[in-house]
Protein chains: 4
Amino acid sequence: MLEELKQKVYEANMELPRRGLITYTWGNVSGIDREKGLFVIKPSGVDYDVLKPSDMVVMDLEGNKVEGEMNPSSDTATHVELYNAFKEIGGIVHTHSPHATAWAQAGRALPCYGTTHADYFYGEIPCARNLTAEEIEEGYEMNTGRVIIETFQGKNPVYIPAVLCKNHGPFTWGKDAAEAVHNAVVLEEIARMNFMTELINPQAGPAPQCMQDKHFMRKHGPNAYYGQGK
Amino acid sequence: MLEELKQKVYEANMELPRRGLITYTWGNVSGIDREKGLFVIKPSGVDYDVLKPSDMVVMDLEGNKVEGEMNPSSDTATHVELYNAFKEIGGIVHTHSPHATAWAQAGRALPCYGTTHADYFYGEIPCARNLTAEEIEEGYEMNTGRVIIETFQGKNPVYIPAVLCKNHGPFTWGKDAAEAVHNAVVLEEIARMNFMTELINPQAGPAPQCMQDKHFMRKHGPNAYYGQGK
Amino acid sequence: MLEELKQKVYEANMELPRRGLITYTWGNVSGIDREKGLFVIKPSGVDYDVLKPSDMVVMDLEGNKVEGEMNPSSDTATHVELYNAFKEIGGIVHTHSPHATAWAQAGRALPCYGTTHADYFYGEIPCARNLTAEEIEEGYEMNTGRVIIETFQGKNPVYIPAVLCKNHGPFTWGKDAAEAVHNAVVLEEIARMNFMTELINPQAGPAPQCMQDKHFMRKHGPNAYYGQGK
Amino acid sequence: MLEELKQKVYEANMELPRRGLITYTWGNVSGIDREKGLFVIKPSGVDYDVLKPSDMVVMDLEGNKVEGEMNPSSDTATHVELYNAFKEIGGIVHTHSPHATAWAQAGRALPCYGTTHADYFYGEIPCARNLTAEEIEEGYEMNTGRVIIETFQGKNPVYIPAVLCKNHGPFTWGKDAAEAVHNAVVLEEIARMNFMTELINPQAGPAPQCMQDKHFMRKHGPNAYYGQGK
């Protein structure tokens, strides 16, 4: 079942080591079929060089395994929460990419210092709080998702398709698995640039709001004119 | 038309990912035929691994498309302004290369800390101011070019073939598209070195003027003696 | 003798340059056969591109060469001490990987800033003190091992399979040579992330203890649920 | 003439881009035949991907070209000075490798923070002063060599086979061209490690002298025991 989606999610997973975002098995990508209410995710702890499309695990939105011989990613419960709360998204990625993880470890939101950021993310990328001991006890991965959702109260997850989880690392998402990976690559790149920006000028401030508006909207708004159209 | 120039501009564009200056489609190179008053530029948002010489778009110096099936780079209006103002240049590059972009995000000119810089750029590489909300509204890409030109009042763009646009990234230029790319590579490398220089010694000062003169002139002056002659 | 172990130790050694942890010959891996009380180690100063499985040197736990035409690694006496003191370990690695070495040169333990660290190491990775002049005189490599052992008094080397030696570099270990190399790769990656973490936020603190417990135990405790089981 | 030496110097030059020390043509290697009093050096400004052994230029120790169709490296006069002053050396390298150049731009000697440094360099690597305007005028490249020699008064160039030239970059040397390149690689690596060391701990001090003695002497002294002997 869902062979085409499995293939796409497999390819999105394989893009992570190719883009240098992954050490060993530290990441996972999923993609959802909204009509069927099922999503496909990488199995837990399987090396990328032996991973096959048929290894992908099919899950429902209550977190039950529907198909697959392997255990799904240990972070599956986080994906379940995000798919249920963010109805517009079609793919989710988790990595420990080094620069984004460093910002997460530092416990800081990623400021919008420039157009590289504004081309993809509308405003700062928030850093979700730590889970309490009780939340960890009750269900670590589920509550990781719930704290992300709490962090996005009043924010549009389509306009800010990324979050940093404190002392952990980033999650990104998108309209499908491939776009979620694309956003993970961009997040890592701006985390790297912004790290250097503050060392070059500790007083650096965010890009002017009018510039952020312009760049985000020329790629994403109704009057977008970047690229070759749809 | 302009098949040879298209080939050269295509090759100059392909050099950007090869040199590690580009993530996804974040860059563009153009080259001009001064006699015909036409320039050739990369189409907007096309992946480098499917780009072909025949995809290059031909523009005139008033910003009209003369030939090509695709939309030209979204930054085309910036190129138009620069070609019109800087008559000696034959190629222009825009990237979001990480270290140069970090300096642009920091809003700081790149000091001349050494001979690596002085071999290519005579004095500091300026950082152009932000556009106003009105300038963005009136024509973002056109006014990006005009603010660069304003930044170069009293400066020689042939002697300083690069600029940082605040909260955005670098533009470089040269006698043709290939040299403009060469300068983009050098800019990224000195942005990286200078970033580290200030962290190693916050009191570091620019290279002595006599040293800057010597290095720039041994490669670029009328008595240049670097290389194998012309 | 020990042909299978030689092959495994050879492969573990070759993984070091492949993972970018090694410049020239700056590293060594060994693996032990606990039943026979013999271990196999890389020869000293041999280039990785000419290294063969049959070059591996067999040593006993008193530091005598049992088989092999070449001199064993100059750090062999350190391996002897560690195998004798840490009975549960089956492989040892020494590298000068740049970020871990920078922490060692800085003389600081590596704090646990996040789950990347907590997935592999339970608590901070200690930095062993410098040897005294007398200890260097008496037996530099042997006493390097003894100072590591001293550093682990009251600590569990299976739960913290790494150490930084002040002004020198890291040693890591594991259940076999391959796992010791895996831990060396992880150590380098967290040394890199943590370096950036402190520059992004000088007030960054360690990950909450409950989070460290959760991550270490979901991969290593009796109720581990990461991966596909054993 | 000197065909074997040309081949070796060619290969040493080609090792620079392979090791990532070189952007474009920013470097040169030479090697000397002490019996004949002639040295072989890379031609000026020739791309590494078209460079051939037969392009190497033969020079005498007064700086006269003895054989070769091309212009020798623009830094040839520096090599002449160093070969005349440092009688024990057989090869010289100049690069703009990024981390070593950052220290040179910062105008700081490279402290010996650890054994990676002490394995190759006995004590700190000095930073030579800037040339005066008169020295630049009189003979920039020649006086670059003379200021290096001045910097080594009271120091042993065989024990410290490297120097940083302020606001410029590093020179390294060795018993032949290959060893000089080896030292250039090591210098770049320790410049990188030491850069991070100071950011991790601004109070970091040099490795204890007894440790520096031990590491340098176990590889270089009369009782050296690293490697497989000579």
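**Exercise 1. Cysteines**

Is C127(A) buried or exposed? Determine also how many disulfides the structure holds, and explain the result for C127(A) and C210(D).

*Solution.* The model is a predicted one.

Step 1. C127(A) has a relative accessibility of 19%. Buried means under 20%, so C127(A) counts as buried.

Step 2. A disulfide is a covalent bond between the sulfur atoms of two cysteines. The pair of sulfur atoms must lie within 2.5 Å.

Step 3. For C127(A), the closest cysteine sulfur belongs to C165(A) and is 7.6 Å away, which is too far for a bond.

Step 4. In chain D, the sulfur of C210(D) has its closest cysteine sulfur in C112(D), at 12 Å, again too far for a bond. C210(D) counts as partly exposed, with 25% relative accessibility.

Step 5. Over all chains, the number of disulfides is zero.

**Exercise 2. A salt bridge within chain A**

Identify the parts of chain A that the salt bridge between R108(A) and E198(A) ties together.

*Solution.*

Step 1. The closest N and O atoms of R108(A) and E198(A) are 2.8 Å apart. A salt bridge requires such atoms within 4 Å, so the pair forms a salt bridge.

Step 2. R108(A) belongs to the loop between α3 (98-106) and α4 (115-118), while E198(A) belongs to helix α6 (residues 177-200). The bridge therefore ties together parts that are 90 residues apart in sequence.

Step 3. The partners may also be described by accessibility: R108(A) is partly exposed at 23%, and E198(A) is buried at 15%.

Step 4. Over all chains, the count comes to 60 salt bridges.

**Exercise 3. Salt bridges between chains**

Which elements hold the partners of the salt bridge between E141(B) and R218(A)? Carry out the analysis for D75(C) and R218(D) as well.

*Solution.*

Step 1. The side chains of E141(B) and R218(A) form a salt bridge with an N to O distance of 2.5 Å. E141(B) is in helix α5 (residues 133-151) of chain B and R218(A) is in helix α7 (residues 209-220) of chain A, so this pair crosses between chains. Both E141(B) and R218(A) are buried.

Step 2. D75(C) and R218(D) also form a salt bridge, with 3.6 Å between the closest N and O atoms. D75(C) lies in the loop between β4 (65-67) and α2 (76-85) of chain C, and R218(D) lies in helix α7 (residues 209-220) of chain D, so the pair joins two chains.

Step 3. D75(C) is buried, at 5% relative accessibility. R218(D) is buried, at 5% relative accessibility.

**Exercise 4. The surroundings of N13(B)**

Describe the position of N13(B) and list its contacts.

*Solution.*

Step 1. N13(B) is part of helix α1 (residues 3-18) of chain B.

Step 2. Its relative accessible area is 0%, so N13(B) is buried.

Step 3. With residues up to four places away in sequence left out, N13(B) touches N28(B), V29(B), K42(B), Y48(B), L51(B) and M56(B).

Step 4. For V29(B), the backbone nitrogen lies 3.0 Å from a polar atom of the side chain of N13(B).

**Exercise 5. An annotated domain**

Which residues of chain A does UniProt list for the domain "Class II aldolase/adducin N-terminal"?

*Solution.*

Step 1. The unreviewed UniProt entry lists residues 7-195 of chain A.

Step 2. Over residues 7-195, chain A is 39% helix and 19% strand. The C-alpha atoms at the ends of this range are 35 Å apart.

Notes
Residues are numbered from 1 along each chain as its sequence is written. Chains are lettered from A and ligands numbered from 1 in the order in which they are written. This is a predicted model: local features need pLDDT of at least 70, side-chain atom pairs count only at pLDDT 80 or more; totals for chains, interfaces and linings use all residues. Side-chain values use heavy atoms; hydrogens and water are left out. UniProt positions are given in the numbering used here, feature names are shortened, and annotations may be inferred rather than shown by experiment. Helices (H or I, at least four residues) and strands (E, at least two) are DSSP runs, numbered from the N terminus. Buried means under 20% relative accessible area, exposed over 50%, partly exposed in between (1.4 Å probe, protein chains only). A polar contact is a pair of N or O atoms within 3.5 Å; within protein, one must be able to donate a hydrogen and the other to accept it, and residues adjacent in sequence count only if both atoms are side-chain atoms. Contact means heavy atoms within 4.5 Å.
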